[in-house]
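Student: Please give me a close look at the salt bridges here. Set them against the fold as a whole, and then cover whatever else on the chain bears a look.

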Amino acid sequence: MKYAQVLVDVNKLGTKTFSYLIPEHLKDEIKIGQAVSIPFGFRKQNLKGFIVGFSDYLEAGIKAKEIVEIIEKEPLFNLNYLNLLEWVSSYYFCDIQTVLKTALPEKFFEKNTKKYRKPKIKDKIFDIEQKTNKNKLSAEQNRIYEQIKKINPKTSLIYGITGSGKTEIYFKLIEDVIKQGKNVIFLAPEIALVSQLTMRSIERFGSQTVAIWHSSITEAKKHETWVKLKNNEIRILFGARSAIFAPIKDLGLVIIDEEHDSSYKQSMPNPRYNAKEVAKKLCELYDAKLILGSATPSIESYYEALNSNSLFKLKERYNNASLPAVNIVDMREERAEKNYSMFSRTLIKNTIETIEKGKQVIFLINRRGYSSYTQCLECAEVVHCPKCAIPLVYHIKTKSYKCHYCNYTYEEPNCPKCGSSALEHFGLGSEKVELLARQTFSNYSIARLDSDSLSKKNEHIEILQKFQKGEIDILIGTQMIAKGLDNKNCTLVGVINADLSFNLPDFRSSERGFSILTQVAGRSGRGEDKGKVIFQTYNSENAFLINAKEQDFETFYESEIELRELLDYPPFAKIIRIIVSAKNEIRAHKTISEIELFLADYIKKLTLDETLILLGPSPCVINKIKNEYRFNILIKNKLGFKGHKTILRFIKALKLPDDIKLIVDIDPGDIL
């Protein structure tokens, strides 16, 4: 080919692809994935770029400059990897350079790779010693392991109740893959859970061939890991969703633990990908196995596995441990009996008894900050974010009000409208629970684990290790602590505001609410002692709450799948969400209305109006973010890939004014 497409990161322009002439002396050497030096701009400065394609032609009027040299002869990625990124680009409706920018560490665009410094701080996880003893699989675990081994590479779902030992099956499968000379990607939804799984893996397989990849590790560490991946030195890569883009060689297995978790879907910025879907494509390209696992699988994954004979059930806890006893406490009755504390008398009594026996406790409150909203008692003004249509969350540690969408901070002690100091905080957050817990249980050691409480590297690991060693009596946290914690000394879990997650105006809210309650309940009683769980609620009749009490996923699934089919929601249709936003509310509304009008006409002319169903336009639930008004259209696609292509063809043809922003969200995680 005459020309090479080179991906370059240009100051102020971002990551773009440009065509360059291939010099004669490089034509036999140049390959996809190589790093090259190319001239750019009038100053003729040389930049580092990556070869992502070739062609024989240029558009009229373009004069291509010549590639200066190949910086690294060994390609950083191969054609299969590029095919994956092109699929992500096509499916999630964004350009290839945006996908590559997400996949490649920033430092790869620096020309002088010798300047890379080694990471300053060593991750404490890798100090853990390898153990020689291995847990033996139970009969039920072994049955599932043998069944999964026999099937051809495809997606399998392990649905196992909390504490049933899914991780041991994962490790046995990993062991087999490594013996075959192949490698593994292991994804978990939370950084804290990634750390726990990595520690357990190092105990099993040693630290030399294990690595971590997620947003909190430094660019220098990412570069070091990438080089090891390139040299095939890493056998097991642990990470959050972005690790699915790491170019691990000879891939044989991808494991996605807690596969139901919404963290696998990137909501912003582009590409708005779902790591589970990307993993399916990755495994297809590499002929590798994909194992999904959860005690509360997503409705879509369970439905798909059920109908493709790839569902494997673990119905017993490891070593026949019993499920914890769950008690629902109606807080309305507590208030009627003059208990206005956030802690019910039942929870207080059981917490004290548990700790006095030398056992540990978890309190879950799935909301950050001190209070969820603040109101002025003089003028009744609720302290809102001036840029977003949501109340500010009060954080007592910094004595400030914060927006969790745009990071706006209000630090004045008085009402922004009337100046009064009569501000009252309402609702509960993890900070408030911690403060009141320290007052109520003042004789005990208490720690909080959420994204606000972590101020330094490795702090979440330190907190988890202290809890594991018994140095913390009560661990308070958000959903970060609801998954993966395997502390056999924890025998009590208290959930504050157990019905919190069920109240969102989103078709997945009941699924999320059920999931988090079932997951956190499973943290209790994982050892020899039977566990207890207390759900505090203001709606004790909630059917999903009762399902969670019984840890009865299958009954929950049956009622939920019936509703989804009736309303044409996933898995019976794919959702495409079109969001239009602008600083001018009228302009945004007018634009989305016109799009809906033309789209409805387009679908009708194709006689697809019964299989591509439009909802809207309507204001988004959160109708203003960062000073932009938001409206959306939901498309229920019952046509599969054909419907997907039809809608994206229409969207590509749209020409919008400069003041209008358009977001296309494929398979959105929520519709807020």
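Tutor: I start with the ground rules, go on to the whole chain, then take the salt bridges and a few other sites.

This is a predicted model, so local features need pLDDT of at least 70 and side-chain atom pairs count only at pLDDT 80 or more, while totals for chains, interfaces and linings use all residues. Residues are numbered from 1 along each chain as its sequence is written, and side-chain values use heavy atoms, with hydrogens and water left out.

Take the whole chain first. The protein chain has 17 helices and 27 strands. Both are DSSP runs numbered from the N terminus: helices are H or I with at least four residues, strands are E with at least two. The radius of gyration is 27 Å, close to the 26 Å of the globule rule for 672 residues, so the chain is as compact as a globular protein of that length. That radius is taken over C-alpha atoms, and the globule rule is 2.2 Å times the number of residues to the power 0.38. Along its principal axes, the C-alpha trace spans about 85 × 65 × 50 Å.

Of the 672 residues, 54% are buried. Buried means under 20% relative accessible area, exposed means over 50%, and partly exposed lies in between (1.4 Å probe, protein chains only). The chain exposes about 30900 Å², and carbon and sulfur atoms supply 48% of it. Those areas come from the Shrake-Rupley method with a 1.4 Å probe; for residues, only the protein chains shown count as cover. Contacts mean heavy atoms within 4.5 Å. Among contacts between residues at least 6 apart in sequence, 75% join residues at least 24 apart.

Now the salt bridges. The structure holds 38. Each is a side-chain nitrogen of Lys or Arg within 4 Å of a carboxyl oxygen of Asp or Glu.

Start inside one helix. R143 and E140 meet through their side chains at 3.8 Å, N to O. Both lie in helix 3 (residues 139-150), three residues apart, about one turn of the helix. R143 is partly exposed, with a relative accessible area of 39%. E140 counts as buried at 15% relative accessibility.

Next, a bridge between helices. The side chains of R204 and E168 meet at 3.3 Å, N to O. This pair links distant parts of the chain: R204 sits in helix 5 (residues 191-205) and E168 in helix 4 (residues 166-179), 36 residues apart. R204 and E168 are buried.

A further bridge joins E304 and K280, with the closest N and O atoms 3.3 Å apart. It too links distant parts of the chain, with E304 in helix 8 (residues 299-306) and K280 in helix 7 (residues 275-286), 24 residues apart. E304 is partly exposed at 39% relative accessible area. K280 counts as partly exposed at 25% relative accessibility.

Some bridges share partners. In that way E168, K172, E175, R200 and R204 are joined into one network.

Now the cysteines. The disulfide count comes to zero. A disulfide would be a pair of cysteine sulfur atoms within 2.5 Å. C415 is in no disulfide; the nearest cysteine sulfur, that of C379, is 3.7 Å away. C415 is buried, at 3% relative accessible area. C283 is buried too, at 6%.

Helix 11 (residues 430-440) has buried residues at S430, E431, K432, V433, E434 and A437. They pack against strand 16 (393-395), strand 19 (423-426), strand 20 (446-449) and strand 21 (474-477).

H384 is found in the loop between strand 15 (373-376) and strand 16. H384 counts as partly exposed, at 39% relative accessibility. H384 touches A389, I390, P391 and L392, not counting residues up to four places away in sequence. H384 and Y373 are eleven residues apart in sequence and 8.4 Å apart in space, C-alpha to C-alpha.

Finish at the surface. L563, L566 and L567 form a nonpolar patch, with about 300 Å² of accessible area together. Patches take residues with over 30% relative accessible area and no salt bridge; like charges are joined within 9 Å, and nonpolar side chains (Val, Leu, Ile, Met, Phe, Trp, Tyr) within 5 Å. L563 lies in helix 15 (residues 553-567). L563 is partly exposed, with a relative accessible area of 43%.
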